[in-house]
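Hi,

Here is the structure I said I would pass on. Have a look at it first, and then read my notes underneath.

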Amino acid sequence: MTRQHSSSSLTPPVARKALCVAIILGASGAQLALAQGGEEIYVTGTRVTRTTFDTPNPITVLDNQYMEDLGLVNISDMVQQIPQNQAYVTPTNIGLGNFNVGASLANLRGMNPYYGTRTLTLVDGRRHVPSTNGGAVDLNLIPSLLVARSEIVTGGASAAYGTDAVAGVVNIILDTKFEGVKAQIDYGQTFRSDGDDFHGAFAAGHGFANGRGHFVIGGEYQDSGEIDDCSEARLWCAESWDDITNPGFNNPASPTYGEPNFVIARDSRSDNQTFTGVFQGLGLQFNDAGTDLVDYDPGKYASGSNFLPFQGHSGGDGSSVYDSLKIRVPVERYSLFGHVDYDLTDNIQAFVEGSYGKRSSTNVGWAFGPGVTFIQPDNAFLTPAVQAVITTPQRFNRSLVDKIRQTNDTNNETYRFATGAKGDLTDTWAWDVYYQYGRNEQSQRLHNDKVNSFFAYSVDAVIDPASGQPACRALVADAGINPYFATNGAVNPDAAGCVPINLFGTDNITQAAIDYTHRTLIDDFVYDQHVVAGNLRGELFEGFNGAGPVQAAVGIEYRTDKGDVSHGNPEAPYYSQFALSYQKAFAGKQETLEGYVELNAPIFRDSAIGKALEINAALRQSHTKSTDTVADDSRSFNITSWKVGAVYEPTEWMRLRATRSRDIRAAGFRELYIQQNPSIAGQFGGSVTNPFLTGSPTDATSVLGGGNVGLSPEQADTTTVGIVLQPTGALENLRFSADWYEIELNDAINSNPGAQTIVDQCFSFNAFCDLITFGANNDIQLVDNRAQNYSKITARGIDFEAAYLLDLDGFNNNFEGTVTIRGIAAYLYDFIVDTGFSQIDYAGQSGPLGAFTDWNPSPYWILNGWMTYNNGPFSLTVQGRYIGAGAYRRDRIGPQDAGYDPTLRNTINDNRVPSRFYLNVSANYAFQLSGDRELELFGAITNLLDSDPPAAPGGNGGATNPVFFDVVGAAFRAGMRVKF
């Protein structure tokens, strides 16, 4: 079997678009500005004033010039350049999901839990109000044109910034001192003429009051169009590779007996459902007219228990499992920003700042159909020919993708206001205080969500004796036993307004029936955050033997977070009957009081044993109180985080650095307070494989998910050891760093432990059995799948970064300009998840782990490098990104792995995902106008070679893993900038 894909397309060849863009690139360019690290700044990870390359923490800095060189127009695009960031939540990885549609969230080290974050996102060193109920910040809402740089700390920074910084910090620094006016407008699309993307931005800044004051304003708009259903828009997706469970794995009578339990196969079709309807136990389906039955071809690996569109078999009848899966959802975003600072005195400066951001997005996917539905022999829409076959109730299923699509309309608005002041106490001591208020409002409307009870009433249609027309059995007196909700012969008042639905054939479903069976699910989220903080920093004394002053910083912060989730006012009385329900209404608040102290002490400089040695230490004490305001239940915790670090320079060209820290993360809003309705047994999320029963059959089981206000804070012990080389002489423009890290996260919160995991652990290890409710004969009735502290995650790897500036004039008189080369690489060799009962090292996995996982592993190697040639007004940048080969699933064993045996339950026929290399190119050209005015044309092509992604199905329901692999294909962007 081969899973390599060609670059062919379902749409016209890329050559025509390539020619047009080549013309654009040939006439465009820009002035390169190489970022230098010598200025004094506040570096993320410490609140003591340091330079970028002096810090003990490894930090990656990407500035505004980098964005311009590559033609990036979104902060999320910039953060995704970091190999350590596993961008799990993006517009290209929504798939079957209906959470945070259109958002882009930072996920350093791939450690974010699905409903939370272990990456702290800051703006100008201050917390930003979360834009999700998991606590993460949508990078779409930060204006890109005003970004001065982003600083990414890929290691713990809790002692400096508090909770959430377990995996690291993304600090977006805005240029609040910008002087002048600049604007940008650009347009992009794929070479297949889809994915239209329009972007425009504006910024202005100027001083006033004779230089005592300064203001900056900016705004941004982007309209990024959708890319259509995966199987229709791209050939690699039309191949429909899928991860299929082999139902004959342990059945000697099955034709697939002897094959592994899991199979990567192409031509996947939705199991047990077609556009005419299938009687699953009879192997028959309706003809197009719905008047008779014909044979149903189940293909290979068909299961009689599957009922969802994304559960498939290989070949046979049915439509692709990816027929209703968008490659990219549309996103429309706005952002506004304003900042004013004013010197009240020579030593005191005050500021006021405000921002607004809005994101709108829509995800159109499959709608729930019959699922576990039985058709009665007296159904009103069965013809006599069919009734002759259907003499007893028969299980029936049908795909509704051809008639109805479930649509999630998401709107997210964020408001943020901050004010504060800073000043000097003495020549060596400074202070700052600020107050910040943030509010996030998110509205989700999930249209065409099936209401289970209404659907059950509607599908059970009989002939009404009074009218002779089809009617819902629940509304017809003396119509016999309603197998769902009515007693024998009684009219059910809950079925008032019921419209019978004819599911048989291709064109017999009426809009009136759909309007009755499928309704709109409402989900509104409001979150308010207040922060008051003050910091004091300066020099304690001159230090030791002329090594430099001993610096200190102290501070205190009080923060309140309050959130509320509701489902309409009033909530629909049938809310608990939705097939896909977000959760019950819930609300809660958190109060946090933190104080910290940080010390930086130079020990020696220009000594006999080296050029310099500095030691840095920080300590933070936090008190948190979490209150479930619905249940009136509270918990309080006192948490201590700390960090010690050292920087040693044995020579002027070598620097050694190391840190050890204790980092913390308090449970987030959703993890603490969400309360869900138990899934309906046999419906979506309502089944487990029951090993307590003979043959381990699928058991229809209610599953209770949700939060847990008793969750304790996570604690991580982080160690980094690194080397920085800055040679002198001929290689003086070379800089290189390598940093080894280890993160040991204890008491990790599993927001979705997994009903199947709980059952398996109980069966194999007698663990978690208290979370299972058993019925008669070991039938599982309920699994308590609420969030728990029970895992340990250990990540180890090495981060590399190198930069080199070559002056061509000095290299050879026949050349002009400069060449800048920079590379960032991440090598992960351990990502061990220990549940206490099993231990799996997920390092080297490039296939998706699952749809609702609390960590995201990555391949062993991810590299990103770029080279920029600059000559006056023209610059050209070539970028390469490499995703190393990896395993499909580390919790499975394939023929390529040691110990492979197809009789083992965790075996798979192919457990490898090949590598990919992506080539991008961009160019800029600047025209100098009158005075200091400048017009700049730019263009960029991403995935120039139009490399298709490898098959790696699963995750959110896709045919590949969009966290690592490009699913869009070759695309261009072109535009212009003006500056004056």
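Below is what I found, beginning with confidence and moving on to rings, charges and one sheet.

Keep in mind that this is a predicted model. The average pLDDT for the protein is 88, and 92% of the residues score at least 70. Two stretches fall short of that. Residues 4-44 have a pLDDT below 50, though the model still gives this stretch 121 contacts beyond near neighbours in sequence. Residues 47-53 are also below 50, with 38 contacts counted in the same way. Where pLDDT is low, the predicted coordinates should not be read in detail. I'd treat the contacts of residues 4-44 and 47-53 in that light.

Now the aromatics. There are 33 aromatic pairs in the structure. Take Phe525 and Tyr527: their ring centres are 5.8 Å apart and the planes meet at 50°, so this pair counts as tilted, falling between the cut-offs of 30 degrees for stacked and 60 for edge-to-face. Are these two residues buried or exposed? Phe525 is buried, at a relative accessible area of 1%, and Tyr527 is buried as well, at 5%; the cut-off for buried is under 20%.

A second pair to look at is Tyr575 with Phe578. Here the centres are 6.1 Å apart, and with 75° between the planes the arrangement is edge-to-face. Tyr575 has a relative accessible area of 4%, which makes it buried, and Phe578 is buried too, at 5%.

Which cluster do Tyr575 and Phe578 belong to? Ring pairs join them with Phe454, Tyr516 and Tyr574. Tyr574 also has a charged neighbour: Arg519 lies over the face of its ring, 5.4 Å from the centre. Elsewhere in the chain, Arg892 has its charged end over the ring of Phe262, at 3.7 Å from the ring centre.

Last, a sheet. It is an open one of 5 strands, in the order 15-14-13-21-20, and the pairing is antiparallel. Strand 15 (293-295) and strand 20 (373-375) form the edges, each pairing on one side only. Inside the sheet, strand 13 (residues 278-279) runs antiparallel to strand 14 (residues 284-286), and 2 bridges connect them. If you want a place to start looking there, Phe279 stands opposite Leu284 of strand 14.

That's everything from me for now. Shout if anything is unclear.

Cheers

Technical notes. Residues are numbered from 1 along each chain as its sequence is written. This is a predicted model: local features need pLDDT of at least 70, side-chain atom pairs count only at pLDDT 80 or more; totals for chains, interfaces and linings use all residues. Side-chain values use heavy atoms; hydrogens and water are left out. Rings of Phe, Tyr and Trp (its six-membered ring) pair if their centres lie within 6.5 Å; planes under 30 degrees apart count as stacked, over 60 as edge-to-face and the rest as tilted. Buried means under 20% relative accessible area, exposed over 50%, partly exposed in between (1.4 Å probe, protein chains only). A charge sits over a ring if NZ of Lys or CZ of Arg is within 6 Å of the ring centre and within 35 degrees of the ring normal. pLDDT is the predictor's confidence in each residue, from 0 to 100. Contact means heavy atoms within 4.5 Å. Two strands pair if DSSP finds at least two bridges between them. Helices (H or I, at least four residues) and strands (E, at least two) are DSSP runs, numbered from the N terminus.
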